[in-house]
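This report describes the structure shown below. It covers the annotated spans, the contact between chains, the domains and one enclosed helix.

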Amino acid sequence: MLRAPRSFPYALLLPATIVMLAVVLFPLGYSFWLAFRNMSLYHFRSHEFVGLDNFRLVLTEPIFWTLLGKSLVWTSVNVFFHVAVGVLLAILLSGPVRGKTILRTMLVLPWAMPQYISALTWRGMFNFEYGAINLILKQWLHLPPVPWLSDPTWAFVAPILTNIWLGFPFMMVVALGGLTSIPVELYEAADLDGANGWEKFTNVTLPSLMPVLVPSILLGTIWTFNNTLVVWLVSNGGQPADATHILVTYIYKVAFTYSRYSYAAAFSVVVFLLLLGFVMYVMRRTASQERTA
Amino acid sequence: MKKPDHAWTPGRVFVQAFLVLFALATIYPIVQIVTISLRPGDQLYSTSLAIIPEGASLRAYRTMLFEKPFLLWMRNSLIVSLTVTLFGVTLASTAAYAFSRFRFAGRSAGLYLFLMTQMFPATMLMLPLYVLMKNLHLLDTFAGLVVAYTATALPFCVWTMRGYYDTIPYELEQAALIDGCTPWEAFVKVTLPLAAPALSITALFSFMAAWSEFLVARIVISRQEMFTLPLGLESLAGQFQTEWANYAAGSLLVCVPVMALFVALTRNIVSGLSVGGVKG
């Protein structure tokens with residue numbers, strides 16, 4: 001801790017704080033305010049207070065629950081594969097393997113690519129007639145082509161596949177960092193106790209990785225849940241017929257395509273409260289686990 | 001217990017083969033972009049899986065550079081991204097310094113508020129910003145984009161910078177203070193030069209956040225001559241049949257420098273991430 005006039009740290013913080021207040025806190029408050037009014041394209045200047053009407057509409061329409069279910073599937077499937085694939089690759093890469101540097105670089109590339117380019121490229125690869133995926137299915141595996149972007153179910157699988165590809169490198173890099181910090185002695189002790197590979201994985205590797213993985217998983221869960229871009233671009237704005245939305249892409253569409261501003265604001269307030277509840281629950285649980293451990 | 005490195009047990013061969021195949025599958029979408037960008041005009045509806053297409057040509061690159069407004073989009077993106085980088089680095093390095101070196105009322109609350117912003121669904125901020133910009137006639141201006149992007153990039157940058165400052169011993173600044181420097185001089189002349197690696201990550205991150213942002217740009221910018229690269233490339237990718245090769249060529253021109261930079265800096269990024277997370 002340095003000694004300086006009491007006002008010095010506040011002066012340092014001032015510029016960043018002004019920007020954050022203007023662009024984050026103010027809009028946030030405005031969003032809450034908007035959620036209780038009826039602003040839309042038709043009531044852009046003349047909107048009025050409507051109480052909880054928007055919230056009632058959000059929570060009683062079946063679409064909310066459908067989208068919530070899809071958001072949960074989207075998030076859990078993605079995060080599960082990000083972690084599983086990432087940790088598996090990290091463990092294999094830290095073993096005796098030739099060409100480690102080049103393999104690692106290749107495996108990190110999806111993270112390095114601007115997301116919108118990845119998403120658009122995958123959309124092209126999912127094209128029914130000329131996309132690479134159906135061509136591979138047909139020409140190499142002799143399987144029938146899949147209607148990736150026109151069938152509602154497959155059109156939801158497509159962005160999930162894309163996002164798994166996008167997300168595993170982050171977890172792999174995090175796990176690689178965590179693996180290097182596990183002391184060799186732990187494995188030697190496990191060997192002395194006659195542990196096999198799987199036992200070493202569950203009793204040494206995984207518990208040692210957890211402190212590094214848990215914050216990344218929490219962050220990854222929030223990012224994935226809030227990821228509008230991938231679903232939006234791969235499904236081309238929710239096609240076919242708005243059947244592929246998750247919560248956040250639906251809000252984006254309702255707000256900026258249908259201009260139902262207040263309804264969208266209420267919707268995002270509900271989603272925000274859901275996330276806030278989830279994060280507080282997880283943080284409290286990990287905190288209590290740390291205390292008992 | 002370790003077997004000597006040259007012993008190829010069946011298990012090792014399997015692992016090696018698996019990793020190589022997985023890595024090849026991973027870069028396949030990138031290879032796809034290269035392939036499509038090289039397709040000559042008469043093969044747009046190709047069903048060939050050859051990596052180098054028959055009669056490969058650089059036509060799409062020429063089209064993108066000289067016939068499409070690609071360079072204009074790049075100029076727009078550069079203006080926006082460089083301004084965001086400037087603001088991001090300045091604001092994050094000062095704010096993070098306060099968090100790292102001083103104890104003051106509201107310190108930990110402030111730090112966690114920065115982190116909490118990651119939790120808002122993007123529309124929750126975009127929607128009021130959009131309404132606000134519409135009211136202030138800031139739609140279709142770069143100013144609107146710059147402000148929005150700076151705010152998105154700041155939380156991560158502040159945490160990274162603070163983590164890095166924490167690793168620099170503050171005795172150096174104390175010595176400078178005893179020698180008669182003001183706190184500001186000690187910060188600018190002593191700490192900031194030492195924090196150069198973290199500054200470069202912050203700069204890269206701010207730049208990238210602005211360089212590849214699509215959703216905010218889509219609602220703020222509607223005039224073609226104001227398009228940033230993501231908007232421009234998306235407008236090409238929308239028309240699968242005609243523009244696909246041009247889209248691929250443009251993407252590659254955008255991707256390659258960014259990816260090279262990222263790979264070169266991966267190590268710093270990871271250590272930046274982990275350093276930032278050690279202490280609350």
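## Annotated spans of chain B

The model is predicted. In chain B, residues 78–99 are 100% helix and 0% strand, and the end C-alpha atoms of this span lie 31 Å apart. Residues 142–161 of chain B are likewise 100% helix and 0% strand, with 27 Å between the end C-alpha atoms.

Both spans are among those that an unreviewed UniProt entry lists as "transmembrane region" in chain B; the full list is 12–31, 78–99, 111–130, 142–161 and 244–265.

## Annotated spans of chain A

For chain A, the "transmembrane region" spans in the unreviewed UniProt entry are residues 12–36, 72–93, 105–125, 154–180, 201–225 and 261–283. Residues 12–36 of chain A are 96% helix and 0% strand, and their end C-alpha atoms are 37 Å apart. For residues 105–125 of chain A the helix content is 90%, again with 0% strand, and the end C-alpha atoms are 23 Å apart.

UniProt, in an unreviewed entry, also lists residues 68–282 of chain A as "domain: ABC transmembrane type-1". This span is 75% helix and 0% strand, and 19 Å separate its end C-alpha atoms.

## Contact between the chains

The interface between the chains involves 72 residues of chain A and 72 residues of chain B. On the chain A side, the greatest contribution comes from helix 1 (residues 7–35), which supplies 16 residues. By residue class, the side of chain A that touches chain B holds 57 nonpolar, 13 polar and 2 charged residues.

## Domains of chain B

Chain B is divided into domain 1, residues 10–57, and domain 2, residues 68–278. Taken over C-alpha atoms, the centres of domain 1 and domain 2 of chain B are separated by 33 Å.

Contact between these two domains of chain B involves 6 residues of domain 1 and 7 residues of domain 2. The domain 1 side of this contact consists of 4 nonpolar residues, 1 polar residue and 1 charged residue.

## Helix 5 of chain A

Why is helix 5 (residues 115–125) of chain A described as largely enclosed by the rest of the structure? The reason is burial: 11 of the 11 residues of this helix are buried, so helix 5 of chain A is largely enclosed. A residue counts as buried if 20 or more other C-beta atoms lie within 10 Å of its own.

The buried residues of helix 5 include Tyr116(A), Ile117(A), Leu120(A), Trp122(A) and Met125(A). Gln115(A), Ser118(A), Thr121(A) and Arg123(A) are also among them, as are Ala119(A) and Gly124(A).

Key: Residues are numbered from 1 along each chain as its sequence is written. Chains are lettered from A and ligands numbered from 1 in the order in which they are written. This is a predicted model: local features need pLDDT of at least 70, side-chain atom pairs count only at pLDDT 80 or more; totals for chains, interfaces and linings use all residues. UniProt positions are given in the numbering used here, feature names are shortened, and annotations may be inferred rather than shown by experiment. Helices (H or I, at least four residues) and strands (E, at least two) are DSSP runs, numbered from the N terminus. Ala, Val, Leu, Ile, Met, Phe, Trp, Tyr, Cys and Pro count as nonpolar, Asp, Glu, Lys and Arg as charged, and the others, Gly among them, as polar. Domain bounds come from an automatic or database domain assignment. A residue is buried if 20 or more other C-beta atoms lie within 10 Å of its own, exposed if 12 or fewer, and partly exposed in between; C-beta atoms are placed from the backbone.
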